[in-house]
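Work through these short exercises with the model in view. Try each task before you read its solution.

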Amino acid sequence: MSQARTIRFSIFRFDPQDPNDKPKMVNYEVTEAPGMTVFIALNMLREQQDPSLQFDFVCRAGICGSCAMVINGKPTLACRTLTANYPKGEIILMPLPGFELIGDLSVNTGKFMRELSERLQLWLQPNSIDNDIHRMEQPMDPDEAAKLYELERCVECGVCVSACATKQMRDTFVGAVGMMKIARFELDSRDTRTADDFYHVIGNQDGVFGCMTLLGCQDACPKDLPHMTQIAYLRRKMALTSPNRIL
């Protein structure tokens with residue numbers, strides 16, 4: 001039986017609430033176990049070596065999106081990243097860029113997602129305002145439902161935001177997550193908003209026309225969502241809606 005190897009971690013540490021603290025990289029070592037993920041290793045480090053280490057997690061199954069961080073230069077989910085993927089046994093962990101830092105590897109994606117939701121009005125705006133809970137639900141075509149459910153798989157991890165070059169250059173850019181959610185409501189037949197309504201929200205450089213199509217969101221998304229397909233769909237929709245379009 002081969003001897004378990006040692007995994008060496010270099011982890012970003014900084015507490016923005018402490019005026020005397022400065023950003024730094026701190027080194028740790030942990031003995032690798034079969035099937036170990038970066039998430040499991042971080043829990044071992046916090047339990048056995050440094051209880052002050054800050055990072056986020058909830059589900060441990062790639063569903064909540066809480067444990068997103070930059071692992072060896074790539075934004076992804078710690079709970080779905082095996083330490084075995086790194087033959088040299090050296091792993092560098094950084095917090096996701098583009099979000100408010102809470103501490104160490106923990107960032108405030110919730111604040112970003114809430115502000116994005118309010119800015120883009122990311123909720124269903126139906127034809128009826130009838131609040132009768134005994135009323136039969138409006139039926140939906142199965143094909144339409146399947147398309148909506150596909151876009152609903154977003155776990156709001158923020159990985160696509162951190163992988164987006166446009167977002168890093170322009171803080172007001174809504175990012176792939178914003179356009180994915182807009183596409184979800186644009187496809188929903190129950191929503192009363194028109195293409196013109198959506199044009200006034202994302203038909204600009206902060207929306208679909210600001211995307212440089214570098215595919216960072218598509219490549220990094222841990223749920224393999226069709227970001228570029230939806231961005232291209234919305235871009236065509238908004239181009240046809242634009243008052244300055246060339247016919």
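**Exercise 1.** At what angle do helix 2 and helix 6 pack, and how far apart are their axes?

*Solution.* Start with the ground rules. The model is predicted, so local features need pLDDT of at least 70 and side-chain atom pairs count only at pLDDT 80 or more, while totals for chains, interfaces and linings use all residues. Residues are numbered from 1 along each chain as its sequence is written, and side-chain values use heavy atoms, with hydrogens and water left out.

Next, find the elements. Helices are DSSP runs of H or I with at least four residues, numbered from the N terminus. Helix 2 covers residues 109-120, and helix 6 covers residues 175-187.

Now read the geometry. Helix 2 and helix 6 pack at about 45 degrees, and their axes lie 11 Å apart. Axes are lines fitted to C-alpha atoms, for helices over the stretch in contact; angles run from 0 to 180 degrees between N-to-C directions. That angle makes helix 2 oblique to helix 6. (Under 35 degrees counts as roughly parallel, over 145 as roughly antiparallel, 65 to 115 as roughly perpendicular, and the rest as oblique.)

**Exercise 2.** Give the handedness of the crossing of helix 2 and helix 6, then list the residues that meet.

*Solution.* The crossing is right-handed. (Left-handed means that the near helix is turned anticlockwise from the far one by less than a right angle; right-handed means clockwise.) From helix 2 come Phe112, Met113, Leu116 and Leu120; they meet Val177, Gly178 and Ile182 of helix 6. Contact here means heavy atoms within 4.5 Å. Sort these residues by class: six are nonpolar, one is polar and none is charged. (Ala, Val, Leu, Ile, Met, Phe, Trp, Tyr, Cys and Pro count as nonpolar; Asp, Glu, Lys and Arg as charged; the others, Gly among them, as polar.)

**Exercise 3.** Describe how helix 3 packs on helix 6.

*Solution.* Locate helix 3 at residues 142-151. The angle with helix 6 is about 165 degrees, and the axes are 9 Å apart. That makes helix 3 roughly antiparallel to helix 6. Their crossing is left-handed. Glu144, Leu148 and Leu151 of helix 3 meet Met180, Ala183, Arg184 and Leu187 of helix 6. The class count gives five nonpolar, no polar and two charged residues.

**Exercise 4.** Do the same for helix 6 and helix 9.

*Solution.* Helix 9 spans 227-241. It packs against helix 6 at about 65 degrees, with the axes 9 Å apart. The crossing is left-handed. On the helix 6 side, the contact includes Ala176, Met179 and Glu186. On the helix 9 side, it includes His227, Tyr233 and Lys237. Nine residues of this contact are nonpolar, two polar and two charged.

**Exercise 5.** How many cavities of 30 Å³ or more are there, and what lines the largest cavity?

*Solution.* Set the rule. On a 1 Å grid over the protein atoms alone, a cavity is a set of points where a 1.4 Å probe fits but cannot get out; a pocket is an open set with protein on both sides within 12 Å along at least five of seven lines; lining residues have an atom within 4 Å of a point. Grid points are joined across faces, edges and corners, and a volume is the space filled by probe spheres set on the points.

The count comes to two cavities of 30 Å³ or more. The largest cavity holds about 120 Å³. It is lined by 17 residues, and Cys164, Cys211, Leu214, Gly216 and Cys217 are the closest to its centre. Helix 6 supplies the largest share of this lining, three residues. By class, the lining has 13 nonpolar, four polar and no charged residues.

**Exercise 6.** Which residues lie nearest the centre of the second largest pocket?

*Solution.* This pocket holds about 240 Å³. Gly98, Phe112, Glu115, Lys167 and Asp171 lie nearest its centre, out of 14 lining residues. Helix 2 gives the most, with five residues. The lining has five nonpolar, three polar and six charged residues.

Note on methods: Helix = DSSP H or I, 4+ residues; strand = E, 2+ residues; numbered from the N terminus.
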